[in-house]
Structure formats: C-alpha cells, structure tokens
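Trainee: I would like to go through the labels used for this model and ask what each one rests on.
Mentor: Go ahead, and we will set each value against its rule.
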Amino acid sequence: MDEDNLTFRLTGTQRDMVMSVRRLAQQRFKDRWKQWQDGTFPWENMHDLAEIGVLSMSVPKAYGGLELSALDAALVLEEIAKVCYVTAMAALGEVGTQTRMIAHFAPENIKQDILPRVAAGSAVLSICMTEPDAGTDLGRMRSNVRRQQDELILSGTKTLISRADVAEGFVVFARIGDTPGIDGIGGVYVQRDTPGMSINSAYHTIGGEYLSEVVFDQCRVPADQLLIDAGGFKDLISAFNIQRCMNASISLGLAEGSLEESIRYMRNREAYEQRIGDFQGMRWKVSEMYRDIEASRSLLYRACASADPFPDPVLAALAKMTCNQMSLRVTSEAVQIHGGYGFVEESLVARQYCCARYGSLGGGTTETLSNLVGRTLVDGLDDADGLLGYQNY
Ligand SMILES: Cc1cc2nc3c(=O)[nH]c(=O)nc-3n(C[C@H](O)[C@H](O)[C@H](O)COP(=O)(O)OP(=O)(O)OC[C@H]3O[C@@H](n4cnc5c(N)ncnc54)[C@H](O)[C@@H]3O)c2cc1C
C-alpha cells in the first residue's frame with residue numbers, strides 16, 4: 001500500500017481559498033449575523049461571496065464557473081458556518097446538489113440560462129423533495145408529472161423548502177407517470193414564475209431563515225426540463241450525497257466556530273484571580289471538543305474526496321451523522337464555557353447551539369441514514385472481504 005495515499009493535506013490553492021473565505025467571513029459576516037435572524041435573505045453576503053468566486057465553484061468552466069471539487073465546496077461552507085449559519089445555508093443551494101444536478105443532468109438551454117447567473121451570484125436555486133405527508137418516506141411522494149405531447153404537467157405540494165422565497169430555479173422531485181413507490185420518482189427543473197406555481201413562506205425556523213411551501217398546480221414545463229426519468233431514483237439519491245456532505249460541513253463549521261469563540265472567552269474571562277482557561281477542567285473541555293472536531297473532519301473530507309462525481313453513500317451517511325451529532329455536543333459545551341452569557345440571544349455561541357440542531361434533520365435524518373448504513377452492512381457484507389469491502393481504501 002502506498003502510505004502517501006493515507007496522508008491528508010490541503011493543496012496550496014485550497015489553503016489560499018479557505019483563507020480568503022475566512023478573512024471575508026471573520027471581517028464582514030461575523031458582525032452581520034443578527035441582520036438575518038428575522039428571515040431576511042443575506043444578499044449582501046452572497047454578493048461578497050460571488051465577488052471572490054465562491055458561488056461559481058460548482059459551476060462547470062464552460063458556463064463561467066470554477067468547476068471545483070466537492071471537498072472544495074465543503075471547505076468553503078465550513079468556513080462560512082463558523083460565523084453565520086444563515087449565509088452558509090444560503091450558499092449551500094449554489095455550491096451544493098442543485099447546481100451539480102443541473103450541470104450533470106439538465107439540457108443545454110437550461111444550463112446556459114441558469115448556471116452563469118448562479119456563478120455570478122444573481123440567481124439562487126432550491127431543491128424540492130419534502131411533502132406534507134412524505135418526508136423520510138419518499139415512497140409516499142404524491143407530486144406527479146404527466147406527459148402531454150411536448151410538455152410535462154407538474155402537480156403537487158412541497159414543504160419545508162429552503163430559499164424558495166428567493167430562488168430562480170427549482171429542482172423538483174416528483175412521481176413521473178404511474179409507477180408506485182420510489183421506483184416512480186424522478187426529477188424535473190422548474191423556473192420561478194411558471195404559471196400555476198405559488199410560494200408561501202410558511203415557517204420561520206429557530207436557525208433564522210424561512211422555509212416555504214411550494215405548490216405546483218398543473219404547471220406546464222417543457223419536456224426537455226425532465227432531469228431524471230422514473231426508474232432513475234438511484235441517480236437522484238446518488239447526487240443527493242453531495243447535500244449530505246455539505247450539510248455535514250455546516251455542522252462541522254458551527255462546532256469549530258463555537259470552539260474558537262470559547263477559546264477567546266477562556267483567555268479573557270477571570271474567576272478566582274485567574275483566567276478560566278487556566279483551570280484544568282476548562283482545558284479538558286476544549287481538548288475534547290477539538291478531539292471530536294478533528295475525528296469528524298477526517299471522515300467528512302474522506303467522504304468528499306470519494307466523489308466521482310457524487311460521494312460514496314455509506315461514507316457520506318457516516319460523515320453526516322458524525323458531524324451532526326458532534327456539533328450538537330460541541331456547541332452545547334461552548335454555551336457552558338460562556339456561563340450565563342452563553343444563553344443570551346446576542347451571543348454567537350447561543351446561535352451556533354440553536355443552529356446545530358438543524359444538521360440531523362435536513363438532508364436525511366440520522367435515523368434514515370442509520371437505516372441506510374445498517375441495511376448495507378446486514379444485506380451486503382461479504383464473508384470473503386468482510387468490512388474491507390466497504391472501507392473504500
Ligand atoms: C432547516 C431545514 C431546511 C430544509 N430544507 C429542505 C429543502 O430545501 N428541501 C426539501 O425538500 N426539504 C427540506 N427540509 C425538510 C427535511 O428534508 C425533512 O424535514 C426531513 O427529510 C424529515 O422529514 P419530516 O420532517 O417529514 O420527518 P418525518 O419523515 O415525518 O420523520 C419524523 C421522525 O421519524 C423518524 N423516522 C421516519 N422514518 C423512520 C424509520 N424508518 N426508522 C426510524 N426513524 C424514522 C425520522 O428520522 C424523524 O426523526 C428542510 C428541513 C430543515 C429542518
């Protein structure tokens with residue numbers, strides 16, 4: 001075995017990219033996070049991100065993008081999430097699954113229309129999967145597409161949808177034709193303001209952003225906007241593994257941001273005539289927080305590096321579950337380190353603690369991902385290879 005393959009180092013270009021996003025996030029986004037708590041979309045931050053090329057990183061070069069890897073996208077979201085969950089969630093739509101699905105599956109005219117605008121930061125994308133009666137259990141999905149000559153007629157209701165209030169383009173999962181269960185599900189691209197479509201910002205989350213209900217009432221969509229036909233659910237879910245890695249990178253960033261805040265606080269806050277950072281009990285806390293962050297980070301980067309073009313499903317599930325759970329523990333410890341000030345609304349660690357709750361819900365719940373990993377092991381373990389068959393080394 002070539003041991004060099006097991007070492008993990010960011011390239012010089014990746015380091016420069018992370019540092020430029022870090023400078024922007026620390027110098028500008030960190031002071032602005034309170035502006036977005038009422039559900040206002042962070043356009044100001046998005047324009048800043050577009051200026052340094054971040055929003056174009058998942059767009060192919062042919063459409064004005066940088067065409068960077070899934071790992072690059074995760075590194076960037078991690079840095080943004082350290083100081084502003086709402087901005088990381090806003091950028092997730094552009095550096096994550098939607099853009100890559102369009103780049104991979106959409107017809108040329110759609111790519112030429114939307115991808116350059118995504119790269120420039122002037123268009124935002126949404127993904128519509130969840131329905132009022134079908135969240136985890138996608139086989140219950142009722143939204144459907146009927147073919148009529150050269151058109152697709154889309155009907156159904158989607159709910160808990162991020163960025164729908166501002167998005168220009170929607171990747172919509174729906175039943176194509178009559179095939180029941182998940183085998184009948186495919187994907188279609190819908191432009192904002194397609195007649196028959198309505199958007200209602202139904203829910204204000206404890207993270208700050210709005211989630212919307214999107215209704216498609218016999219929307220007529222050109223037939224070439226079918227991204228994936230019935231029977232292609234495997235392709236859809238395979239692409240969704242990008243979302244799982246990106247969600248995990250936001251959890252990782254929240255945890256890291258809360259650790260950085262905690263260390264600053266421990267250096268300055270005094271009790272019993274010394275810095276609280278000089279108490280052994282406090283040092284053990286940050287040591288454990290950092291231990292958990294580093295362990296989760298290794299798994300996530302490995303999952304991202306497996307992308308070809310989409311990440312390995314088991315690694316993505318393991319990384320997501322690990323980062324989500326870790327971030328809940330670490331942000332909670334950060335609140336503890338800040339004492340009573342950690343619980344006030346104005347404190348960044350209180351915000352990070354609240355936002356960390358999102359991770360294990362969006363992009364596949366912990367339970368459903370545990371089912372996926374468990375099923376893969378129980379049904380698929382081969383006696384000859386044992387676990388080596390799954391380890392992707
Ligand atoms: C901040 C945020 C942003 C979101 N953005 C989007 C978006 O942009 N687009 C989109 O389509 N959706 C989005 N969602 C919705 C999200 O994907 C769903 O909430 C999620 O898939 C779970 O579906 P549900 O809420 O209907 O829960 P349910 O499916 O009703 O599940 C309820 C509980 O039962 C558990 N459960 C269900 N089945 C099983 C099982 N077989 N075994 C064990 N436990 C099980 C679940 O894990 C969960 O704990 C977002 C959610 C949040 C919180």
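Trainee: What makes the area between domain 2 and domain 3 a buried area, and how much is it?
Mentor: In this predicted model, about 850 Å² is buried between domain 2 and domain 3, and carbon and sulfur atoms give 75% of that. The term applies because this is accessible area that the two parts lose on being put together, summed over both. On the side of domain 2, T136, I206 and I228 supply 45% of the area buried against domain 3, more than any other three residues.

Trainee: How many residues does each domain bring to the contact?
Mentor: Domain 2 brings 12 residues and domain 3 brings 9 residues. The centres of the two domains, taken over C-alpha atoms, are 30 Å apart. By the domain assignment, domain 2 covers 126–231 and domain 3 covers 234–390.

Trainee: How do you know how many salt bridges and polar contacts cross the interface of domain 2 and domain 3?
Mentor: For salt bridges the rule finds 0 across that interface. For polar contacts the count is 2 residue pairs between domain 2 and domain 3, both at pLDDT 80 or more. The side of domain 2 that touches domain 3 divides into 7 nonpolar, 5 polar and no charged residues. A salt bridge by this rule needs Lys or Arg on one side and Asp or Glu on the other, so a side with no charged residues cannot supply a partner. Strand β5 (residues 185–191) gives the largest share of that side, 3 residues.

Trainee: Why is the pair R32 and E44 called a salt bridge?
Mentor: The closest N and O atoms of R32 and E44 are 3.7 Å apart. The cut-off is 4 Å, so the pair qualifies. R32 is in helix α1 (residues 12–32) and E44 in helix α2 (residues 43–51), so the pair ties together parts 12 residues apart in sequence. The search of the whole structure finds 25 salt bridges.

Trainee: What makes S162, T365 and E367 polar contacts of the ligand?
Mentor: A polar side-chain atom of S162 lies 2.9 Å from a ligand nitrogen atom. For T365 the distance to a ligand oxygen atom is 2.6 Å, and for E367 the distance to a ligand oxygen atom is 2.7 Å. The limit is 3.5 Å, so these pairs qualify. The ligand is surrounded by 17 residues, the closest being M129, T130, T136, T365 and E367.

Trainee: Why is the peptide bond from D308 to P309 called cis?
Mentor: Its omega is near 0 degrees. P309 lies in the loop between α8 (280–305) and α9 (313–337).

Trainee: What is noted about phi of L160?
Mentor: L160 has a positive phi, near 60 degrees, and is a residue other than glycine. Its place is in strand β3 (residues 151–162). Most residues other than glycine have a negative phi.

Methods
Residues are numbered from 1 along each chain as its sequence is written. This is a predicted model: local features need pLDDT of at least 70, side-chain atom pairs count only at pLDDT 80 or more; totals for chains, interfaces and linings use all residues. Side-chain values use heavy atoms; hydrogens and water are left out. Domain bounds come from an automatic or database domain assignment. Contact means heavy atoms within 4.5 Å. Buried area is the accessible area (1.4 Å probe) that two parts lose on being put together, summed over both. A salt bridge is a side-chain nitrogen of Lys or Arg within 4 Å of a carboxyl oxygen of Asp or Glu. A polar contact is a pair of N or O atoms within 3.5 Å; within protein, one must be able to donate a hydrogen and the other to accept it, and residues adjacent in sequence count only if both atoms are side-chain atoms. Helices (H or I, at least four residues) and strands (E, at least two) are DSSP runs, numbered from the N terminus. Ala, Val, Leu, Ile, Met, Phe, Trp, Tyr, Cys and Pro count as nonpolar, Asp, Glu, Lys and Arg as charged, and the others, Gly among them, as polar. A residue is near a molecule or strand if one of its heavy atoms lies within 4 Å of it.
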